[in-house]
Amino acid sequence: MDILETDAYDRRQRRNLSCALLFSLLPFFLATAVYFYLWTPDSPASIMSAGVKSAPTLLLAAAVLSWNGGQSVLGVVGGLVFSAVGDICLVWPELFLHGMGAFAVAHLLYSLTFLSTRYAPISSASWTRFLYLILFMVGGGFYIYIYPFLQKAPNSDLLVPAVGVYIVLITLMGILAIRTRHAATLLGSLSFIVSDLTLALQVFKVTAPLEHGNSIVMVTYYLAQLLIAVGDVKAVDDKDDFAKWKRS
């Protein structure tokens, strides 16, 4: 098989893999559509609403697990499962801190994944270091901005340090996503940050309630999880292709 035939074969393989991946994500898209169809601003907290909200994330975890196997259990799959726990907790306002803790674990697992060997380390260029600095300043500046509102919130003695730690973790996740230079992973992490910052502005009453606030939070959230999941599948696939190339 010559070079042109090999290249054509590789393109067909990638096309087939993309189609198969899209097919495996159909349950996620369906569950997401069901959530947005059923959700209303006056939806009461219930087991059913918690299940509907967490279903897309759990289905993503199942899809990644089916593609990557056990190597993602303590990585993106684990992060998605903890995110689903966070989704469930946030249905009930009194479990907000528990939900934030679950999402903090998810960010930590994502960060550890972005440091793994399947995300080949690349030396930092000057523009990536500049992005690190911007992200660090956004995280720090946002915490300073909402700090007075955190002090006015119930359980402020717990909330003030907890939110600080959470912002450090999500900022770290974003920085490590930039380091991977995987487009889906980077965009997913940034979308997650946008979702969380938008939610914080509303939960801590920094701004007046946004007319479509929940839609903004959830669209950017589900998009973030989808891109991070796809990025992980692609990273494993790229690593396998590289291993085959080295053996050939």
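**Cavity lining, by class.** I started with the chemistry of the lining of the largest cavity in this predicted model. I sorted its residues and got six nonpolar, two polar and no charged ones. The names I wrote down are L135, V138, G139, I167, I170, T171, I193 and L197. G139 is one of the polar pair, because Gly is counted with the polar residues here.

**Cavity, volume and walls.** How many cavities of 30 Å³ or more does the structure hold? I found one. For the largest cavity I noted a volume of about 60 Å³. Next I asked which helices supply at least two residues each to that lining. My list reads α6 (126–152), α7 (156–180) and α8 (183–203).

**Whole fold.** I stepped back to look at the chain. I counted nine helices and zero strands in the protein, so the element string is simply α-α-α-α-α-α-α-α-α from the N terminus on. Of the 248 residues, 40% count as buried. I also checked contacts between residues at least 6 apart in sequence, and 76% of these join residues at least 24 apart.

**Helix α2, length.** I then picked α2, which covers residues 26–38 and has 13 residues. From first C-alpha to last I got 18 Å, close to the 18 Å expected at 1.5 Å a residue.

**Helix α2, faces.** Which residues of α2 are buried? I have F28, A31, T32 and Y35 in my notes. Looking down the axis of α2, I saw the buried residues fall within an arc of 100°, so they line one face of the helix. On the face turned away from that buried side I found the exposed residues L30 and Y37.

**F36, a residue in between.** F36 also sits in helix α2, and I wanted its burial class. Its relative accessibility is 33%, so I filed F36 as partly exposed; the class runs between the 20% limit for buried and the 50% limit for exposed. What does F36 touch, leaving aside residues up to four places away in sequence? I found M218, V219 and Y222. I also took the C-alpha to C-alpha distance from F36 to M218, which is 8.9 Å, with their positions 182 residues apart in sequence.

**Before I close the notebook.** Two places to revisit in the viewer: the lining with its six nonpolar residues, and F36 with its contacts to M218, V219 and Y222.

Note on methods:
Residues are numbered from 1 along each chain as its sequence is written. This is a predicted model: local features need pLDDT of at least 70, side-chain atom pairs count only at pLDDT 80 or more; totals for chains, interfaces and linings use all residues. Side-chain values use heavy atoms; hydrogens and water are left out. Helices (H or I, at least four residues) and strands (E, at least two) are DSSP runs, numbered from the N terminus. The expected span of a helix is 1.5 Å times one less than its number of residues. Buried means under 20% relative accessible area, exposed over 50%, partly exposed in between (1.4 Å probe, protein chains only). The arc is that of the directions from the helix axis to the C-beta atoms. Contact means heavy atoms within 4.5 Å. On a 1 Å grid over the protein atoms alone, a cavity is a set of points where a 1.4 Å probe fits but cannot get out, and a pocket is an open set with protein on both sides within 12 Å along at least five of seven lines; lining residues have an atom within 4 Å of a point. Grid points are joined across faces, edges and corners, and a volume is the space filled by probe spheres set on the points.
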